[in-house]
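This report is a guided first reading for someone who has not met this structure before. Please keep the sequence and the 3D view open while reading the sections below.

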Amino acid sequence: MSTAVSRGTSPVPPARQPRLTVLSGPSGVGKSTVVAHMRKAHPEVWLSVSATTRKPRPGEQDGVQYFFVDDEEFDKLIANGELLEWAEFAGNRYGTPRQAVLDRLEAGEPVLLEIDLQGARQVRETMPEAQLVFLAPPSWDELVRRLTGRGTESPEVIERRLAAAKVELAAESEFDVTLVNTSVEDVARELLALLR
Ligand code: ADP
Ligand code: 5GP
């Protein structure tokens, strides 16, 4: 008698775990543009809103792009264990509020974080099941053009961000998937497919 199919071991696939996806890539590559494009068509996709000590750019609103906080408030978030990960990037601190992410995952909803390389590495350590997606520029020159062309940073800050970009580009192989941001439409579609 075969025991292979006994005790109700019917071929029911295991329940799919809600997915945590991290999107990283050098400053100016187009992460925000791609995510905004995807969420315009799919507003149901939930994106974590980070806390930052960076000053808002024109048009940025507190609680929408970021929670804008001062150094003291950021220190408190760290001290109270309220951040899932955090990093200093080009002179400012950025962190992911932990509870909102855990609530979404608990509710079975996919979660998207748009964070830097240092944050992606922390998430890989604490949540090894997370999916890490790297957004790469079509070329170095195009990255410089986009970052400069955005016109939101001083030349000094652009230099700091380009120095960070060299480190981030060298870490591409640490990620599960690379998407090259040639076409915003194409990348937004590919990212949406990865989230589901
Ligand atoms: P990040 O969020 O990665 O720092 P942004 O989304 O702010 O980058 O994009 C930087 C600049 O590059 C913006 O001016 C944006 O309009 C432009 N950009 C983004 N994606 C593309 C693309 N595929 N082709 C051309 N320009 C792009
Ligand atoms: P920006 O100042 O251009 O909005 O963001 C600068 C960098 O910080 C980007 O690479 C962005 O992905 C990253 N970033 C934004 N929020 C977070 C966060 O919560 N944690 C980490 N580690 N990086 C973040």
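## Pocket and model

A pocket is an open set of grid points, taken on a 1 Å grid over the protein atoms alone, with protein on both sides within 12 Å along at least five of seven lines. A molecule sits in such a pocket if more than half of its atoms lie within 2 Å of its grid points. By that rule, ligand 2 sits in the largest pocket, and the space taken by ligand 1 is the largest pocket as well. The model described here is a predicted one.

## Surroundings of ligand 2

Ligand 2 is surrounded by 16 residues, of which Ser50, Arg54, Tyr66, Tyr94 and Arg161 are the closest. When these surroundings are sorted by class, the shell around ligand 2 holds seven charged, five nonpolar and four polar residues. Two strands, S4 (83-89) and S5 (92-97), each contribute at least two residues to this shell.

Several polar side chains can be followed to individual atoms of the ligand. Arginine 54 places a polar side-chain atom 2.6 Å from an oxygen atom of ligand 2. On the acidic side chains, an N or O atom of glutamate 85 lies 2.8 Å from a nitrogen atom of ligand 2, and an N or O atom in the side chain of aspartate 116 is likewise 2.8 Å from a nitrogen atom of ligand 2. Ligand 2 would expose 510 Å² if taken alone, and the protein buries 96% of that area.

## Surroundings of ligand 1

Around ligand 1 there are 13 residues, and those that come nearest are Gly28, Lys31, Ser32, Thr33 and Arg150. The shell around ligand 1 is made up of seven polar, three nonpolar and three charged residues. Helix H1 (31-41) and helix H5 (140-150) each provide at least two residues of this shell, and the largest share, three residues, comes from H1.

The polar contacts of ligand 1 involve both backbone and side chains. A backbone N or O atom of glycine 30 lies 3.0 Å from an oxygen atom of ligand 1, while a side-chain N or O atom of arginine 146 is 3.2 Å from a nitrogen atom of ligand 1. Asparagine 181 has a polar side-chain atom 3.0 Å from a nitrogen atom of ligand 1. Taken alone, ligand 1 exposes 570 Å², of which the protein buries 75%.

## A salt bridge across the sequence

With a limit of 4 Å between a side-chain nitrogen of Lys or Arg and a carboxyl oxygen of Asp or Glu, the count comes to 14 salt bridges. One of them joins glutamate 44 to arginine 196, with the closest N and O atoms 3.2 Å apart. Glutamate 44 belongs to the loop between H1 and strand S2 (50-52), whereas arginine 196 is in the segment after helix H7 (184-195), so this pair ties together parts that are 152 residues apart in sequence.

## A backbone detail between two strands

What is the phi of alanine 90, given that this residue is not a glycine? Alanine 90 has a positive phi of about 45 degrees, and this residue is found in the loop between S4 and S5.

Technical notes
Residues are numbered from 1 along each chain as its sequence is written. Chains are lettered from A and ligands numbered from 1 in the order in which they are written. This is a predicted model: local features need pLDDT of at least 70, side-chain atom pairs count only at pLDDT 80 or more; totals for chains, interfaces and linings use all residues. Side-chain values use heavy atoms; hydrogens and water are left out. A residue is near a molecule or strand if one of its heavy atoms lies within 4 Å of it. A polar contact is a pair of N or O atoms within 3.5 Å; within protein, one must be able to donate a hydrogen and the other to accept it, and residues adjacent in sequence count only if both atoms are side-chain atoms. Accessible areas come from the Shrake-Rupley method with a 1.4 Å probe; for residues, only the protein chains shown count as cover. On a 1 Å grid over the protein atoms alone, a cavity is a set of points where a 1.4 Å probe fits but cannot get out, and a pocket is an open set with protein on both sides within 12 Å along at least five of seven lines; lining residues have an atom within 4 Å of a point. Helices (H or I, at least four residues) and strands (E, at least two) are DSSP runs, numbered from the N terminus. Ala, Val, Leu, Ile, Met, Phe, Trp, Tyr, Cys and Pro count as nonpolar, Asp, Glu, Lys and Arg as charged, and the others, Gly among them, as polar.
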